[in-house]
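Reader: I am new to this structure and would like a close look at a single part of it. Please take the main nonpolar core and then follow what surrounds it.

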Amino acid sequence: MSILPIVRAGHPALSSPSKPVADATDAAIAQLAQDMAETLQAAGGVGLAAPQIAVPLRVVLFYVPEHRVSDIADDGPQPPTLLINPEIEPLDQEMVEGWEGCLSLPGLCGLVPRHARIRYRGLDRAGNRIERVAAGFHARVVQHECDHLDGVLYPARMRSLASLGYAEEYSAARAAAAAAQKEPV
Ligand code: NI
């Protein structure tokens, strides 16, 4: 069990497609799952794909904390979920924009369009099938992580790079906006 370094944009592991896992129950996948869980916890993120630790396999890990859940249908908190060989089926063509960050682009965030509702399928570590319908942040995090398996980082999905910026600067801007509303001049 190890906390592994997370590679950043520019590393070749993040720009090439990853390979399907041949046997989800293989001991090496159990080890990978442990390493991903520890690495994600140490990094303080909510999602991690195997290529982010330079392992070119189709494995993602994510969870949805209560405070990220919206009140739209099919959204809800999700326990830490390891998905092996995931597949995504969009359930409607509506795209919704939302802010995303990525552990491989530390400090940055941007507005990214994603399918509003999806169905996803994959295998768990025991080789059992997982199938869920997702909306809201749940749908967003799964689409973001699965993009990593195809070598796609979120800026490539943005309609415009104008909103790409540093999260700390946006936080400061939002605080200033709130203050400006409270005390107009
Ligand atoms: Ni990411």
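Author: What follows starts with the core and then turns to the aromatic pair, the salt bridges, the strands and the cysteines.

The model is a predicted one. Its largest nonpolar core has 15 residues. Those that touch the most other members are Val-60, Phe-62, Leu-83, Ile-118, Tyr-120, Val-141 and Val-142. Four elements each give at least two residues to this core: strand S2 (59-64), strand S6 (117-123), strand S7 (129-135) and helix H2 (136-149). Helix H2 provides the largest share, six residues.

Val-142 is a useful place to look from. When neighbours within four places in sequence are set aside, Val-142 is in contact with Phe-62, Ile-88, Ile-118 and Tyr-120. Of these contacts, Phe-62, Ile-118 and Tyr-120 are also listed among the core residues that touch the most other members. A second core, separate from this one, has 14 residues, including Leu-32, Met-36, Leu-48 and Ala-50. As a general point, nonpolar side chains in soluble globular proteins tend to be buried together.

Two of the contacts of Val-142 deserve a second look as a ring pair. The structure holds two aromatic pairs. In one of them, the ring centres of Phe-62 and Tyr-120 are 6.0 Å apart and the planes stand at 80°, so this pair is edge-to-face. The cut-off behind that step is an angle over 60 degrees between the planes. Because Phe-62 is in strand S2 and Tyr-120 in strand S6, the pair ties together parts 58 residues apart in sequence. Phe-62 and Tyr-120 are both buried.

Charged side chains also link separate parts of the chain. The whole structure contains 11 salt bridges. One of them joins the side chains of Arg-58 and Asp-150, at 2.9 Å from N to O. Arg-58 lies in the loop between strand S1 (47-49) and S2, while Asp-150 lies in the loop between H2 and strand S8 (165-166), and the two are 92 residues apart. The partners differ in exposure: Arg-58 is buried, at 16% relative accessible area, whereas Asp-150 is partly exposed, at 42%.

Another salt bridge starts from strand S6, the strand that also holds Tyr-120. Here Arg-121 meets Glu-89, with the closest N and O atoms 3.3 Å apart. Glu-89 belongs to strand S3 (residues 78-90), 32 residues from Arg-121. Arg-121 is partly exposed, with a relative accessible area of 25%, and Glu-89 is partly exposed as well, at 30%.

Helix H2 takes part in a third of these links, through Arg-140. Arg-140 forms a salt bridge with Glu-100, and their closest N and O atoms are 2.7 Å apart. Glu-100 sits in strand S4 (residues 95-100), and 40 residues separate the two partners. Both ends of this bridge are buried: Glu-100 has a relative accessible area of 5%, and Arg-140 has one of 8%. The link does not stand alone, as salt bridges with shared partners join Glu-100, Arg-114, Arg-140, Asp-147 and Arg-157 into one network.

Strand S4 leads on to strand S5. The two pair in the antiparallel sense over six bridges. Within this pairing, Glu-97 has Pro-113 in S5 as its bridge partner. Strand S5 (residues 108-115) has eight residues, of which seven are buried, so the strand is largely enclosed by the rest of the structure. S5 also pairs with S8, again in the antiparallel sense, over two bridges. There, Cys-109 stands opposite Gly-165 in S8.

Cys-109 brings up the last topic, the cysteines. The structure has zero disulfides. The closest cysteine sulfur to that of Cys-109 is in Cys-102, 12 Å away, and therefore too far for a bond. For Cys-146 the closest cysteine sulfur is also in Cys-102, at 13 Å, so this distance is too far for a bond as well. The cut-off for a disulfide is 2.5 Å between the sulfur atoms. Cys-109 is buried, with 10% relative accessibility, and Cys-146 is buried too, with 8%.

How values were computed. Residues are numbered from 1 along each chain as its sequence is written. This is a predicted model: local features need pLDDT of at least 70, side-chain atom pairs count only at pLDDT 80 or more; totals for chains, interfaces and linings use all residues. Side-chain values use heavy atoms; hydrogens and water are left out. A nonpolar core is a set of buried Ala, Val, Leu, Ile, Met, Phe, Trp, Tyr and Cys residues joined through side-chain atoms within 4.5 Å. Buried means under 20% relative accessible area, exposed over 50%, partly exposed in between (1.4 Å probe, protein chains only). Contact means heavy atoms within 4.5 Å. A salt bridge is a side-chain nitrogen of Lys or Arg within 4 Å of a carboxyl oxygen of Asp or Glu. Two strands pair if DSSP finds at least two bridges between them. Rings of Phe, Tyr and Trp (its six-membered ring) pair if their centres lie within 6.5 Å; planes under 30 degrees apart count as stacked, over 60 as edge-to-face and the rest as tilted.
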